[in-house]
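Please examine the sequence and the structure shown below. The report that accompanies them is arranged by topic.

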Amino acid sequence: MSPEISVIICTHNPRIDYLITVLDALRSQTLAFTHWELLVIDNASQQSLATLLDLTWHPQARIVYEKQLGLTNARLRGYQESQGNLLVYVDDDNVLDSRYLAHVSQIFAEYGGLGAIAGRSVPQFEREPAPWIQEFSTILALRDFGDAPLICSERLGNVMHQPYPEFAPAGIGLSLRRQAFLSYVQRASSDRTHLSFGRTGKQLTSGEDNDIILTLLNAGWDVGYFPQLQLTHLIPETRLQQGYLARLNRATCCSWVQVLAVHGIQIWQAIAPWTVLPRQIKAFITYQAWKDAASYIRWRGACGTFEGLAKLHRRMA
């Protein structure tokens, strides 16, 4: 009999101690192994994970090698290899609460219109972060929207009068109904533009989660936040550095503009590429980017938005 849930870990050159911690948490799930399978998608890691991991503790676990680099490629491979009617994508630094899978099963059974859900993610920092880090908790995938479930069923039109739901699921602990995710799989498989939104190697492009959610919403599925879906996000010291967060904010803002455009949503007007540098210089002064780390990171986000709008101009030309 096919498992109800497929747990899919997509990983590229993971930090092995983190990945082992993630696997240990899965081993401790209250949902019986007979109800779920485990797939580790080794996305072109330099050292084969098959030589590093022991998954014999789970009777329905295997490692799948995906040579085409990129998070979206790995997710699509996970979909193809999986058997469950419910898919739970777990990052290689996501430590799930022991009842996570049981809650996923219960929530989807109770709410038939839900296509995607996620919940609360709390940080475990490798070192104590500076106070200003809290401003950038969203781009670090730290999420807490309270103790009550939140569900969005709004369809977002080509001019987004209603805001994209802040609580919409992100990739961290993202759980999907297979039938709903199929709408995204078909779209991504037929239009390679969608492959560029996911992270690839050291590139920090971060639009693939928004792309999935927008696709599901406009296909008629609801998305939701459920606080009982709790996980711990392991955050290494390198991700708290100014340079990393600046690159991440720039890539996130740039890809956000492009994802909206792919879905026919216009919030800002495209800008001519030659205006990007003058706008960035002006923004450097406006944001006082020299003042402190947070100001610099905000400015890099604005730079990413300008770059995204210039790319729209090139597409329209």
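The sections below treat strand pairing, one helix, one histidine, the salt bridges and the cysteines of this predicted model.

## Strand pairing around strand 6

Strand 6 covers residues 114–125, and strand 9 covers residues 222–235. The two strands run parallel and are joined by ten bridges. Within this pairing, Leu114 has Asp222 of strand 9 as its bridge partner.

Strand 6 also pairs with strand 8, which spans residues 175–177. Here the sense is antiparallel, and the number of bridges is two. Ala116 is matched with Leu176 in strand 8. Strand 6 thus takes part in a parallel pairing with strand 9 and in an antiparallel pairing with strand 8.

## The two sides of helix 7

Helix 7 comprises residues 276–286, and its buried residues include Val276, Gln280 and Ala283. Viewed down the helix axis, the buried residues of helix 7 fall within an arc of 65 degrees, so they line one face of the helix. Exposed residues, namely Leu277, Lys282 and Ile285, are found on the other side of helix 7.

After helix 7 comes Gln288, which has a positive phi, near 50 degrees.

## The setting of His103

His103 belongs to helix 3, which runs over residues 100–110. Is His103 buried or exposed? With a relative accessibility of 17%, His103 counts as buried, because the cut-off for that class is under 20%.

When neighbours within four places in sequence are set aside, His103 is in contact with Gln228 and Leu229.

## Salt bridges

Side chains of opposite charge can pair when their charged atoms come close. Over the whole structure, 13 salt bridges are found. One of them joins Arg77 to Glu66, with 3.0 Å between the closest N and O atoms. This pair links distant parts of the chain, eleven residues apart: Arg77 is located in helix 2 (residues 71–81) and Glu66 in strand 3 (residues 61–66). Arg77 is partly exposed, at a relative accessible area of 22%, whereas Glu66 is buried, at 11%. Arg62, Glu66, Arg77 and Glu81 are joined into one network by salt bridges that share partners.

Arg120 and Asp144 form a salt bridge with an N to O distance of 3.1 Å. Arg120 is part of strand 6, while Asp144 sits in the loop between strand 6 and strand 7 (150–152), so the salt bridge ties together parts that are 24 residues apart in sequence. The relative accessibility of Arg120 is 12%, and this residue counts as buried. A further salt bridge connects the side chains of Arg99 and Asp97, at 3.3 Å from N to O. Arg99 is partly exposed at 45% relative accessibility, and Asp97 is likewise partly exposed, with a relative accessible area of 22%.

## Cysteines and disulfides

A disulfide is a covalent bond between the sulfur atoms of two cysteines. How many disulfides does the model contain? With a cut-off of 2.5 Å between cysteine sulfur atoms, the count is zero.

Two cysteines may be described by their accessibility. Cys10 counts as buried, at 10% relative accessibility. Cys152 also counts as buried, with a relative accessibility of 7%.

Technical notes:
Residues are numbered from 1 along each chain as its sequence is written. This is a predicted model: local features need pLDDT of at least 70, side-chain atom pairs count only at pLDDT 80 or more; totals for chains, interfaces and linings use all residues. Side-chain values use heavy atoms; hydrogens and water are left out. Buried means under 20% relative accessible area, exposed over 50%, partly exposed in between (1.4 Å probe, protein chains only). Helices (H or I, at least four residues) and strands (E, at least two) are DSSP runs, numbered from the N terminus. The arc is that of the directions from the helix axis to the C-beta atoms. Two strands pair if DSSP finds at least two bridges between them. Contact means heavy atoms within 4.5 Å. A salt bridge is a side-chain nitrogen of Lys or Arg within 4 Å of a carboxyl oxygen of Asp or Glu.
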